[in-house]
Amino acid sequence: MDELIRAAYEEGAPIPEELAAEAAAAGNVRAMTVYGIGLGNRGAVEEAEQWLRRARAAGDQMAALALGTLRMDRGEFEAAERYFRPVAETGHVGARQALAELRALRAAAARSAPVPPPRVPEPAPAAAPAPAESAVEWAEQLLLLHPNDEQHPHAQLAMAVLRANEGDGTGARRHFAAALASGDPEVLFWVSRMHVAEDGLHGAREHIRRAADAGHAASQHTMGVLLAEEGDTARAEHYYRLAADAGHTDSYANLGVLLRGRGDLDGAESYYRKAIEAGDAGGMNNLGNLLRQRGDLAGAERWWREAAEAGVTDALVSYGAVLAERGDWDAAEPLWRRAAEEGHAAARLNLVQALVRTGRTEEAERWLRSVDPAASHSSGPAPSGSRGAGAPEGPAADGRPGPDLAAVADWLRGPARAGDEDARATLDPLDGEPGTR
């Protein structure tokens, strides 16, 4: 079955519909795409969209292209672009060709010219090429997409790159000016990328803004990030919403974080769920944090568990704390250890408690020495979902200069005075360290 699905997906080999349906129902993402495209080709569009949406939510690019083609077939050009563009931004040649076809259809529709109906693609596209290793290689790929349209903005930009590589500065400037004058969002995006490489992200800000204002979704998302870092949440929200409306899935989670910080829990939840549907495991952790804030501990636990299974570091800490609170320290310890090895400060402190409970004080001391004192004040053992800033290395070796252990001890004395025996036991090895009393 797996080989049949692979051949149908990658090579366009025929496969009985009932077999594709069986594999799709069993959760095979590629089968969902193959089955959805087959349904669309025989006219069962509503059912086709259901399967294709499931596959796209699991991250399948071909499903996104098929959904976009279905929308394009119905003349829903804006909806089609929302499916095509995120895939095109990964460098997928088929998606870029779909965007070019979409522009041609829009132009034809504007001229009231007859437009040949596009077809739902057969499930046999070539694999996306490897990302270009140089500007020249990228320019050559662009020209392959527009072999008969030397005036296309993308072709003009590609020619500018090639002329510059050949030392023809005058020709390069001429082509570059023509490309830039078009106001094409993709051109402005690539120009911003050139400036990012030259001047850094913040140095290229104005070029990123121009691409964002021209409608480029990835640039809109980046502007949201830059503005949020500066504390301008109102403008950040504006750009995040534009990117989210265009289907840029990273903006779902960022917009959710922004709205939650403002106290709009309903709005945040809706975007966290959109992120989850788009396959963002971090959205699961964020939703768990939000549900905990609302007092829905069962719901929080469910999403932390799923995020932990997906490897989200914060969720490993939070779900481990849930298990420990139930007394299942044996199950919690490996979760904290994974997160601790990735540098999570709260995970390291939680792991210390787990080690001390079973008498492994030497290892506990080594982990304590690896904790960033600044992070230790803000990251506690309770499931908080906060992002710690622990040091990236593992436990420090004996004798290696560690952090300010007095700060770590101070962090532990609060719960120890409140009667927490684990905190008291963890303090014991520290009390022998100079300057920690």
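This section describes the helices, cores and selected residues of a predicted model.

The protein chain holds 25 helices and zero strands. Of its 437 residues, 48% count as buried. Contacts between residues at least 6 apart in sequence were also examined; 48% of these join residues at least 24 apart.

The largest nonpolar core has 58 residues. Within this core, Met223, Tyr319 and Trp336 have the most contacts. Leaving aside residues up to four places away in sequence, Met223 touches Arg205, Ile208, Arg209, Ala212 and Tyr239. Another core, of 25 residues, lies apart from the largest one. Its members include Ala23, Trp51, Leu52 and Met62.

Three helix pairs were examined in turn. The N-terminal pair is α2 (residues 17-25) and α3 (residues 29-41). These helices pack at an angle of about 135°, and their axes are 8 Å apart. The angle does not exceed the 145 degrees needed for roughly antiparallel, so α2 is oblique to α3. The crossing of α2 past α3 is left-handed. On the α2 side, the contact involves Glu17, Ala20, Ala21, Ala23 and Ala24. Their partners in α3 are Ala31, Met32, Val34, Tyr35 and Leu39. By class, this contact of α2 with α3 has nine nonpolar residues, no polar residues and one charged residue. Ala23 of α2 takes part in this contact and is also listed in the core of 25 residues.

Helices α5 (residues 61-73) and α6 (residues 77-88) form another pair. Their axes come within 7 Å and cross at roughly 160°. The two helices are therefore roughly antiparallel to each other. α5 passes α6 in a left-handed crossing. From α5, the contact draws on Gln61, Ala64, Leu65, Leu67, Gly68, Thr69, Arg71 and Met72. From α6, Phe77, Ala79, Ala80, Tyr83, Phe84 and Val87 take part. The residues of the contact of α5 with α6 divide into 10 nonpolar, three polar and one charged.

Further along the chain, α16 (residues 265-277) packs with α17 (residues 281-294). The angle is about 150°, with the axes 8 Å apart. This makes α16 roughly antiparallel to α17. Here, too, a left-handed crossing is found, as α16 passes α17. In α16, the residues in contact are Leu265, Asp266, Ala268, Glu269, Tyr272, Arg273, Ala275 and Ile276. They meet Gly283, Met284, Asn286, Leu287, Leu290, Gln293 and Arg294 in α17. The contact of α16 with α17 comprises eight nonpolar, three polar and four charged residues.

Two single residues were then considered. Ala236 lies in helix α14 (residues 233-245). Its relative accessible area is 0%, so Ala236 is buried. Ala236 touches Gly224, Leu227, Ala228 and Leu258, not counting residues up to four places away in sequence. Ala236 and Leu255 are 19 residues apart in sequence. In space, the C-alpha atoms of Ala236 and Leu255 are 8.6 Å apart.

Gln97 is placed in helix α7 (residues 93-110). With a relative accessible area of 43%, Gln97 is partly exposed. Gln97 and Phe84 are separated by 13 residues in sequence and by 9.4 Å in space, C-alpha to C-alpha. Phe84 is one of the α6 residues in the contact with α5.

Technical notes. Residues are numbered from 1 along each chain as its sequence is written. This is a predicted model: local features need pLDDT of at least 70, side-chain atom pairs count only at pLDDT 80 or more; totals for chains, interfaces and linings use all residues. Side-chain values use heavy atoms; hydrogens and water are left out. A nonpolar core is a set of buried Ala, Val, Leu, Ile, Met, Phe, Trp, Tyr and Cys residues joined through side-chain atoms within 4.5 Å. Buried means under 20% relative accessible area, exposed over 50%, partly exposed in between (1.4 Å probe, protein chains only). Contact means heavy atoms within 4.5 Å. Axes are lines fitted to C-alpha atoms, for helices over the stretch in contact, and angles run from 0 to 180 degrees between N-to-C directions. Helices (H or I, at least four residues) and strands (E, at least two) are DSSP runs, numbered from the N terminus. Angles under 35 degrees count as roughly parallel, over 145 as roughly antiparallel, 65 to 115 as roughly perpendicular and the rest as oblique. A crossing is left-handed if the near helix is turned anticlockwise from the far one by less than a right angle, and right-handed if clockwise. Ala, Val, Leu, Ile, Met, Phe, Trp, Tyr, Cys and Pro count as nonpolar, Asp, Glu, Lys and Arg as charged, and the others, Gly among them, as polar.
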